[in-house]
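Work through the exercises below with the sequence and the model open. Each task is followed by a solution in steps.

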Amino acid sequence: TYPRPSVYDRAWDSALRAAQDSGIVVTSSDRGSGTIRGTKDGIEANIFLRRQADGTTRVESNFKGQLDRDPTLSRRFDAAYERYMGR
């Protein structure tokens, strides 16, 4: 048998894939600090993953800039993340 990925690793992979699926060009990512940064059409995307005391991982996203260029970006990212997490 193979070891299963941790909850954090699964959340990280899901967040990174969701960002890319949403059209965000990832400019930097640091698994250790839980930070993914990118851009899309003048929108700055910041995604943060935080390990919680109960073993879960919290994912927060923040979008700034010219949001009118892609008003559904945040919702698309959230939906893609949930899909990759199997929810």
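**Exercise 1.** List the buried residues of helix 1 and find what covers them.

Step 1. Helices (H or I, at least four residues) and strands (E, at least two) are DSSP runs, numbered from the N terminus. Residues are numbered from 1 along each chain as its sequence is written. This is a predicted model, in which local features need pLDDT of at least 70, side-chain atom pairs count only at pLDDT 80 or more, and totals for chains, interfaces and linings use all residues, while side-chain values use heavy atoms and leave out hydrogens and water.

Step 2. Buried means under 20% relative accessible area, exposed over 50%, and partly exposed in between (1.4 Å probe, protein chains only). In helix 1, Tyr8, Ala11, Trp12, Ser14, Ala15, Leu16, Ala18 and Ala19 are buried.

Step 3. An α-helix has 3.6 residues a turn, so residues three or four places apart point the same way.

Step 4. Take contact as heavy atoms within 4.5 Å. The cover over these residues includes strand 1 (25-30), strand 2 (35-40), strand 3, strand 4 (57-65) and helix 2.

**Exercise 2.** Describe the sheet and place the two helices on it.

Step 1. Two strands pair if DSSP finds at least two bridges between them. The sheet is open, with 4 strands in the order 1-2-3-4 and antiparallel pairing. Strand 1 and strand 4 are the edges, each pairing on one side only.

Step 2. Strand 3 and strand 4 are joined by 9 bridges, and Leu49 stands opposite Val59 in strand 4.

Step 3. Helix 1 packs on the sheet and touches strand 1, strand 2, strand 3 and strand 4, its direction making about 170° with that of strand 3. Helix 2 also packs on the sheet, touching strand 2, strand 3 and strand 4, at about 160° to the direction of strand 4. Axes are lines fitted to C-alpha atoms, for helices over the stretch in contact, and angles run from 0 to 180 degrees between N-to-C directions.

**Exercise 3.** Which residues touch the most other members of the largest nonpolar core?

Step 1. A nonpolar core is a set of buried Ala, Val, Leu, Ile, Met, Phe, Trp, Tyr and Cys residues joined through side-chain atoms within 4.5 Å.

Step 2. The largest has 19 residues, and Ala15, Ile36, Ile47, Leu49, Phe63, Phe77 and Tyr81 touch the most other members. Helix 1 (7-21), strand 3 (43-51) and helix 2 (73-84) each supply at least two, with helix 1 giving the most, 7 residues.

Step 3. Beyond its neighbours within four places in sequence, Tyr81 contacts Ala11, Ser14, Ala15, Ala18, Val59 and Arg87.
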